[in-house]
Amino acid sequence: MNPISEPITGEISGAEESSADERETISAGDGDSNDASTSDERERKFMENPPSDDVCPICFGNFVVPCRAPCGHWYCGSCILQYWNFSAALQPCKCPMCSQRITKLIPEASLYQRRQSEISKVLRSVSDYNRLFMGGISGFVLKFLAIPLYIKRTFREMLNPDRPGIYLHEMRIIAMFLGLIYSFAPFDFLRIGRGNIIDLFDYSAFALSFILYLVGLYLRWKRERNIRGLVEMPEAHD
């Protein structure tokens, strides 16, 4: 036997074994990448749709117009917006599950392809919510455009009899500012003296807060009376 052929044959066999190992490593790497891509796809699908085996943490029912918070928790669109109605008007509500501030609600992607009026109404409300709390320059512009919504929510909170005088401090500051403007104005149609004008505006803020409280009590009494009437109507027919 040629003594040179044995090393050559051994080198060839070693090269074949190393190439086989490389192929196994490459195939294993491809398997890992496929597993990673599959996992990413499952996670992305999970983030785009609410869990099929879960319910809304607020109403404990099946998701209706499901929306996802930045923390990953899902809620019915109407439920989380109603929950926000009990929080401050100018601040995003906190997630009922983890207390993280919800600065943006992300509706389920398939909802935009559905044309039901109720779904469209909730999606518009979600868009208004996102407009209020979006950051950056675009968020500032959207906040400016949403001033009517701010005023509407603030006024509704001022009519809440359970929270009397919630904006009294802000109202007094505005009243003092208006009093200062009037003090330096060239006209004096109130005829009470410029030294007393700030006190007048301050007392007016107290009076306005009390009037709004009384209006809130009246509106609540009216709603409760209407509800009692709706409950008593079926009983009368029976």
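**Figure 1. Lining of the largest cavity in the predicted model.** The largest cavity is lined by Met158, Asn160, Arg163, Pro164, Gly165, Ile166, Tyr167, Leu168, Met171, Ser209, Leu212 and Tyr213. The model shown here and in the following views is a predicted one. The volume of the largest cavity is about 60 Å³, and the structure holds one cavity of 30 Å³ or more. Helices α6 (168-184) and α7 (197-237) each contribute at least two lining residues. The largest share of the lining, three residues, is supplied by α7.

**Figure 2. Nonpolar surface patch formed by residues of α4 and α5.** Phe140, Val141, Phe144, Leu145, Ile147 and Ile151 make a nonpolar surface patch of about 650 Å². The elements that give two or more residues to this patch are α4 (136-145) and α5 (147-158). With four residues, α4 gives the most. Ile151, one of the patch residues, belongs to helix α5. The relative accessible area of Ile151 is 55%, so this residue counts as exposed, the cut-off for that class being over 50%.

**Figure 3. Buried residues of helix α2 and the elements that cover them.** Within α2, the buried residues are Gly77, Cys79, Ile80, Leu81 and Trp84. Their cover includes the strands β1 (66-68) and β2 (74-76), together with the helices α3 and α5. Ile80 is also among the residues that Pro96 touches, a contact taken up in the next view.

**Figure 4. Surroundings of Pro96 in the loop between α2 and β3.** Pro96 is located in the loop that joins α2 (77-85) to β3 (106-107). Its relative accessibility is 34%, and Pro96 therefore counts as partly exposed. Residues up to four places away in sequence being set aside, Pro96 touches Ile58, Tyr75, Ile80 and Tyr83. Of these contacts, Tyr83 lies 13 residues from Pro96 along the chain, with a C-alpha separation of 8.8 Å.

**Figure 5. Environment of Pro107 in strand β3.** Pro107 is part of strand β3. This residue is buried because its relative accessible area is 10%, the limit for burial being under 20%. When neighbours within four places in sequence are left aside, the contacts of Pro107 are Pro66, Cys67, Tyr112, Leu123 and Val126. Pro107 and Asn49 are 58 residues apart in sequence, and their C-alpha atoms are 8.9 Å apart in space.

**Figure 6. Contacts of Asn130 in helix α3.** Asn130 lies in α3, the helix that spans residues 117-133. Asn130 has a relative accessible area of 10% and is therefore buried. Beyond its neighbours within four places in sequence, Asn130 is in contact with Thr103, Lys104 and Leu105.

**Figure 7. Overall arrangement of the protein, as context for the close-up views.** The protein has seven helices and three strands, which follow the order α-β-β-α-β-α-α-α-α-α from the N terminus on. Of its 238 residues, 24% are buried. Among contacts with a separation of 6 or more, 49% are between residues 24 or more positions apart. The protein exposes about 16,800 Å², of which carbon and sulfur atoms supply 61%.

Methods: Residues numbered from 1 in each chain as written. Predicted model: local features only at pLDDT ≥ 70, side-chain atom pairs only at ≥ 80, totals over all residues. Heavy atoms only, no water. Buried < 20%, exposed > 50% of the residue type's maximum accessible area, 1.4 Å probe, protein only. Contact = heavy atoms within 4.5 Å. Patch = residues over 30% accessible without salt bridge, like charges linked within 9 Å, V, L, I, M, F, W, Y side chains within 5 Å. Areas by Shrake-Rupley, 256 points an atom, 1.4 Å probe, with all protein chains shown as cover. Salt bridge = Lys/Arg side-chain N within 4 Å of Asp/Glu carboxyl O. 1 Å grid on protein atoms, 1.4 Å probe; cavity = no way out; pocket = protein on both sides within 12 Å on 5 of 7 lines; lining within 4 Å. Points joined across faces, edges and corners; volume = space filled by probe spheres on them.
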